[in-house]
Amino acid sequence: MSLARLLQLASPTLPVGAYSYSQGLESAIEAGYVKDAETAREWIADVLELSVARMEAQVLRAMIDLPRQELNDYFVATRETAELRAETLQMGQALARLLKDLEIEVSIENPAYPAAYALAVRYWEIDPKEALIAYLWSWLENQVMAAVKAVPLGQTAGQKILLDLGGRLPELAGLDIPEENWTNFAPGLAYLSSRHETQYSRLFRS
């Protein structure tokens, strides 16, 4: 049953609103940095490796091991822009409401998305590395779907990006970085995310 629960947790039908966010990708498209399949793949790969895998996934790993309020609050504080902060809190609280409806205890106040996800992983006794791979896959799939809509890209181009970057997920999920070395240093992402807040035409909330 743990596999079925993991698929449920990683499904795009999970009602947390992930489809409505692009995490700065829409601004990168507006600025001309992302304009075709190759530049979309490069952008997504860089954010995945340099930010998500080295900070968000590390927080998730630690929260699966031991949920801590201070770690949740630390992660929220690392979100560089108002949009990125609102995104993780809105998704986290949406998942927390769902977990409560499923009679799963939520022990973290104002949970960010990794914290709520970790609580579900612990309750359903899902293998931590498999949970990390699924989390990264969900992030990757959402980014590719955003690129398909906004660049725009064809469905085949999107699947090629998923095939390419999806193959890297086991390696990235296996990174076990000491807490003092966690980093989400991606200044281009932070800059473009802040620009998105006042972008004239937008499909996405971030």
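This report walks through the helices, core, pocket and cavities of a predicted model.

## Helix 6, a covered helix

Let's start with helix 6, which spans residues 113–123. How many of its 11 residues are buried? The count is 9, so helix 6 is mostly covered. The buried residues are Tyr-113, Pro-114, Ala-115, Ala-116, Tyr-117, Ala-118, Leu-119, Ala-120 and Val-121.

What lies over them? The cover includes helix 1, helix 3, helix 4 (69–77), helix 5 and helix 7. If you follow the chain just past the end of helix 6, you come to Glu-125, which takes a positive phi of about 55°.

## Tyrosines that link helices 6 and 7

The structure holds 4 aromatic pairs. One of them joins Tyr-117 and Tyr-135 in an edge-to-face arrangement, with 4.8 Å from centre to centre and 85° between the planes. Tyr-117 belongs to helix 6 and Tyr-135 to helix 7 (residues 128–150), so this pair ties together parts that are 18 residues apart in sequence.

Both of these tyrosines are buried. They also have company: Tyr-113, Tyr-117 and Tyr-135 make up one aromatic cluster.

Helix 7 also holds Pro-128. Is this proline buried or partly exposed? Pro-128 has a relative accessibility of 42%, and because buried means under 20% and exposed over 50%, Pro-128 counts as partly exposed. Its C-alpha is 9.9 Å from that of Ala-62, although the two residues are 66 apart in sequence.

## The nonpolar core

Tyr-117 appears again in the largest nonpolar core, which has 74 residues. Leu-9, Trp-43, Leu-95 and Tyr-117 are the ones with the most contacts inside this core. Helix 3 supplies the largest share of the core, 15 residues.

Leu-9 is a handy residue to display if you want to see some of this packing. Leaving aside residues up to four places away in sequence, Leu-9 touches Leu-14, Leu-95, Tyr-113, Tyr-117, Ala-120, Val-121, Trp-124 and Ile-126. Among these partners, Tyr-113, Tyr-117, Ala-120 and Val-121 are buried residues of helix 6.

## Two buried residues and a helix near the C-terminal numbering

Thr-88 sits in helix 5. Its relative accessible area is 6%, so Thr-88 is buried. Which residues does Thr-88 touch, not counting those up to four places away in sequence? They are Phe-75, Arg-79, Pro-111, Ala-112, Tyr-113 and Pro-114.

Leu-25, in helix 2, is buried too, at 0% relative accessibility. With residues up to four places away in sequence set aside, Leu-25 is in contact with Val-34, Trp-43, Gln-143, Ala-146 and Ala-147. The C-alpha atoms of Leu-25 and Ala-112 are separated by 20 Å, and the two residues are 87 apart along the chain.

Helix 10 (residues 187–196) has Leu-189, Ala-190, Leu-192, Ser-193 and His-196 as its buried residues. Helix 2 (25–30), helix 3 and helix 5 are included in what covers them.

## The largest pocket

The largest pocket holds about 400 Å³ of space. It is lined by 25 residues, and those closest to its centre are Ala-18, Met-91, Tyr-113, Ser-138 and Asn-142. Tyr-113 will be familiar by now from the aromatic cluster.

The elements that each give two or more residues to this lining are helix 1 (2–10), helix 5 (82–101) and helix 7. Which helix gives the most? Helix 7 does, with 7 residues. By class, the pocket lining has 14 nonpolar, 7 polar and 4 charged residues.

## Enclosed cavities

There are 3 cavities of 30 Å³ or more, and the largest cavity holds about 80 Å³ of space. Its lining is formed by Gln-23, Val-47, Ser-51, Val-52, Glu-56, Arg-79, Glu-80, Leu-84, Asn-184 and Leu-189. Two of these names came up earlier: Arg-79 as a contact of Thr-88, and Leu-189 as a buried residue of helix 10.

Helix 3 (residues 37–65) gives the most to the lining of the largest cavity, with 4 residues. By class, this lining divides into 4 nonpolar, 3 polar and 3 charged residues.

Definitions and conventions. Residues are numbered from 1 along each chain as its sequence is written. This is a predicted model: local features need pLDDT of at least 70, side-chain atom pairs count only at pLDDT 80 or more; totals for chains, interfaces and linings use all residues. Side-chain values use heavy atoms; hydrogens and water are left out. Rings of Phe, Tyr and Trp (its six-membered ring) pair if their centres lie within 6.5 Å; planes under 30 degrees apart count as stacked, over 60 as edge-to-face and the rest as tilted. Buried means under 20% relative accessible area, exposed over 50%, partly exposed in between (1.4 Å probe, protein chains only). On a 1 Å grid over the protein atoms alone, a cavity is a set of points where a 1.4 Å probe fits but cannot get out, and a pocket is an open set with protein on both sides within 12 Å along at least five of seven lines; lining residues have an atom within 4 Å of a point. Grid points are joined across faces, edges and corners, and a volume is the space filled by probe spheres set on the points. Ala, Val, Leu, Ile, Met, Phe, Trp, Tyr, Cys and Pro count as nonpolar, Asp, Glu, Lys and Arg as charged, and the others, Gly among them, as polar. A nonpolar core is a set of buried Ala, Val, Leu, Ile, Met, Phe, Trp, Tyr and Cys residues joined through side-chain atoms within 4.5 Å. Contact means heavy atoms within 4.5 Å.
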